[in-house]
Amino acid sequence: MPHHFPPDSVGLVTPQTLQFEEPLALDCGRSLAEYELVHETYGTLNADHSNAVLICHALSGDHHAAGCHEGADPNKPGWWDNCIGPGKPFDTREFFVVCCNNLGGCKGSTGPTSINPENRKPYGPDFPIVTVKDWVRSQARLADRLGIRRWAAVIGGSLGGMQAMQWAITYPDRVRHALVIAAAPRLSAQNIAFNEVARQAIISDPDFHHGHYYEFGVVPRRGLMIARMLGHITYLSDEGMRAKFGRELWEGTPNFNFNFDTEFQVESYLRHQGKAFVDRFDANTYLLMTKTLDYFDPAADFDQDLSAAFHRTQARFLVISFTSDWRFAPARSREIVRALVRAGREVSYSEISSEYGHDAFLMPIPLYHEALRGYLSRVAREVNLNGRDRESSPTIPPTAPVAAEANAHAT
Amino acid sequence: MRPELELISEWIRPGARVLDLGCGDGALLAYLHERRQVSGYGLEIDSANIVKCIQAGVNVIHADLEAGLEDFGDSSFDYVIMTQTLQAVRHTERLLDEMLRVGRQSIVTFPNFGFWRGRLQIALQGLMPVGKTLPYQWYDTPNVHLFTIRDFEALCRNKHIDILQRMVLDHAHQPRLGPRLWPNLLGEIALYRLGRA
């Protein structure tokens with residue numbers, strides 16, 4: 001009996017994989033001779049290909065942003081399902097929504113778990129450390145293949161917001177709107193420090209084997225689990241944790257045991273999150289993604305002047321931050337806004353009150369979703385109006401559609 | 001549209017860059033964009049108003065005016081506008097300085113506490129003025145500085161702020177003869193265009 005999805009769900013979705021044969025030169029100096037990008041799309045691309053929206057995922061996200069896969073638990077949809085669907089802020093009746101797993105990921109796009117064509121073994125630690133700029137270049141090729149010349153919007157939270165910024169900087173004429181949520185213009189020393197502790201947890205696990213753990217049939221479970229537990233603390237806020245866990249003891253623990261078993265609710269929660277993560281994520285990918293975060297610094301290419309980096313951008317920006325986010329605090333978003341204002345760019349900025357910490361960008365907070373909905377409904381009107389203008393003026397041909405399906409196959 | 005906003009738009013050069021302090025739901029900026037093709041931003045602290053600006057397509061930036069305008073460079077706007085807000089900010093003097101630093105000119109509007117009706121309320125009833133432009137009781141008012149047209153102009157003199165243009169509106173919010181002759185008595189709302197040499 002097929003599951004009936006709610007009317008605002010994109011329903012059953014099937015990931016697609018595109019193969020890219022043209023080598024991709026990377027910031028590290030190496031290049032990928034060939035690679036695959038797994039992605040999902042929701043909604044329909046309009047006649048002049050102007051209604052496409054790119055969703056960029058964060059550290060542990062992937063291409064499965066909305067709906068459900070065949071056979072999967074219908075109560076566990078994609079990671080941003082509360083924002084994507086008919087009538088939701090990224091309204092699939094208006095937009096063609098694209099989300100891909102980034103290079104270096106472990107959910108189907110080429111990454112450390114993929115087979116290195118040079119030696120027929122998994123890349124493991126030999127997979128090049130990719131940067132946000134590399135990702136954006138690879139996503140641009142995906143856009144070419146899908147026949148998308150210009151995104152109506154590029155959107156992301158956290159590391160995803162950094163990709164949205166980079167898109168506007170690298171391809172000014174290919175982004176109409178950039179939505180940068182709970183992001184930062186670059187990591188602080190404190191941010192890098194947390195990433196380093198996470199990396200050391202993984203690297204010092206005896207099962208890590210210098211990253212070649214696949215060959216030993218093991219995974220550095222303890223290290224990856226600790227890394228995730230640490231990460232989780234930085235995604236929540238003090239006030240949020242107090243409200244959710246307080247000092248409550250775990251069920252079955254009436255009193256202190258005076259040992260190191262799980263006693264407090266918060267310990268139980270973190271251990272559960274850590275364990276669940278190990279089953280769905282690769283340690284080499286985690287290492288790589290934290291480095292990608294550390295390296296992101298668009299101002300570095302412009303003499304440390306962020307507003308100079310934004311000078312060439314043509315996109316309109318919506319920047320959103322959350323009051324209790326201390327991983328990428330509102331002050332970090334204001335740095336982005338200040339640079340955009342100094343560059344004379346069009347920008348709106350909203351600081352949403354929330355106690356969910358950094359995780360807030362994934363939560364259905366009413367004012368937050370109203371802001372997204374209000375902004376994107378104007379984007380939809382803009383591209384649809386332009387579409388009608390183009391139809392009535394045959395001198396401007398629509399973007400040549402590229403045979404997107406030619407190399408696509410379901411994973 | 002409040003008549004006051006229409007009058008402001010007549011002071012604005014087409015295509016100007018504008019910063020609107022305390023922009024509310026973005027009505028003035030949307031109007032100026034349509035009528036005068038201005039570009040720029042509104043600053044607002046209330047999240048619900050910010051959403052309304054976003055829905056209206058107005059560039060809005062969440063900001064606390066009391067913290068100053070340090071994110072904005074000197075003379076980076078043609079006009080910095082503040083309507084009906086000067087009486088509600090704590091650091092009035094500093095904000096005026098900031099407005100004239102960031103904008104080549106500033107436009108300020110405020111309710112005139114010297115308006116005859118308020119004077120009568122105090123003189124005859126012995127009560128703080130409550131009316132159309134001052135709808136609050138003394139205990140729930142957001143207004144922290146109560147001042148008149150004469151007070152404001154004295155401050156401008158002291159601070160060497162040039163009054164480039166002034167318009168005073170009567171109780172019907174029209175710039176009629178009465179408030180032109182006796183502004184501090186017959187004017188309910190005052191509009192100023194300011195500059196600093």
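# A walk through chains A and B

In chain A, residues 24 or more positions apart account for 72% of the contacts with a separation of 6 or more. The model is a predicted one. Chain A holds ten helices and 15 strands. Its C-alpha trace spans about 80 × 60 × 50 Å along the principal axes. A compact globule of 411 residues would have a radius of gyration near 22 Å, and chain A, with 21 Å, agrees. Of those 411 residues, 51% count as buried.

Chain A is split into domains. Domain 1 is made of two segments, 1–186 and 297–411, and domain 2 covers 189–295. The C-alpha centres of domain 1 and domain 2 of chain A lie 27 Å apart. Their contact takes 26 residues from domain 1 of chain A and 22 from domain 2 of chain A. On the domain 1 side, the touching residues divide into twelve nonpolar, ten polar and four charged.

Next comes the nonpolar core. In soluble globular proteins, nonpolar side chains tend to be buried together. Here the largest nonpolar core has 161 residues, and A:V53 and A:A178 touch the most other members. This core draws at least three residues from domain 1 of chain A and at least three from domain 2 of chain A. What does A:V53 touch, leaving aside residues up to four places away in sequence? One run of its contacts is A:F95, A:F96, A:V97 and A:V98. Another is A:W151, A:A152 and A:A153. A:F90 and A:I155 complete the list.

Now turn to a strand of chain A. Strand β1(A) takes in residues 16–20 and has two faces. A:Q16, A:L18 and A:F20 make up the covered face. A:T17 and A:Q19 make up the uncovered one. β1(A) pairs with strand β4 of chain A, residues 35–42. The pairing is antiparallel and runs over five bridges. Within it, A:Q16, from the covered face of β1(A), has A:H39 in β4(A) as its bridge partner.

Two loop residues of chain A deserve a look for their backbone angles. A:F258 is not a glycine, yet its phi is positive, at about 55°. A:F258 sits in the loop between α5 (238–244) and α6 (265–280) of chain A. Is A:F258 buried or exposed? It counts as exposed, because its C-beta neighbours inside 10 Å number 7, and 12 or fewer is the cut-off for that class. A:Q304 is the other case. Its phi is near 65°, again a positive value in a residue other than glycine. A:Q304 belongs to the loop between α7 (283–295) and α8 (306–310) of chain A. With 11 C-beta neighbours inside 10 Å, A:Q304 counts as exposed too.

Chain B has eight helices and seven strands. Its radius of gyration is 16 Å, close to the 16 Å that the globule rule gives for 197 residues, so chain B is as compact as a globular protein of that length. The C-alpha atoms of chain B fill a box of roughly 45 × 35 × 30 Å along the principal axes. Of its 197 residues, 41% count as buried. Among contacts in chain B between residues at least 6 apart in sequence, 61% join residues at least 24 apart.

Start chain B at helix α1, residues 3–11, where B:E6 has its place. B:E6 counts as partly exposed, because it has 13 C-beta neighbours inside 10 Å. B:E6 and B:L28 are 22 residues apart in sequence, but their C-alpha atoms are 8.6 Å apart in space.

Helix α3 of chain B comes next. It spans residues 47–55, and B:I50, B:V51, B:K52, B:C53 and B:I54 are buried in it. After α3(B) comes B:G57, with a positive phi near 75°.

That helix leads to the other chain. How many residues of chain B are in contact with chain A? There are 14, and they meet 18 residues of chain A. On the chain B side, α3 and β3 (60–62) each supply at least two of the touching residues. α3(B) gives the largest share, five residues. The side of chain B that touches chain A divides into seven nonpolar residues, six polar and one charged.

Definitions and conventions
Residues are numbered from 1 along each chain as its sequence is written. Chains are lettered from A and ligands numbered from 1 in the order in which they are written. This is a predicted model: local features need pLDDT of at least 70, side-chain atom pairs count only at pLDDT 80 or more; totals for chains, interfaces and linings use all residues. Helices (H or I, at least four residues) and strands (E, at least two) are DSSP runs, numbered from the N terminus. The radius of gyration is taken over C-alpha atoms; the globule rule is 2.2 Å times the number of residues to the power 0.38. A residue is buried if 20 or more other C-beta atoms lie within 10 Å of its own, exposed if 12 or fewer, and partly exposed in between; C-beta atoms are placed from the backbone. Two residues are in contact if their C-beta atoms, placed from the backbone, lie within 7 Å. Ala, Val, Leu, Ile, Met, Phe, Trp, Tyr, Cys and Pro count as nonpolar, Asp, Glu, Lys and Arg as charged, and the others, Gly among them, as polar. Domain bounds come from an automatic or database domain assignment. A nonpolar core is a set of buried Ala, Val, Leu, Ile, Met, Phe, Trp, Tyr and Cys residues joined through C-beta atoms within 7 Å. Two strands pair if DSSP finds at least two bridges between them.
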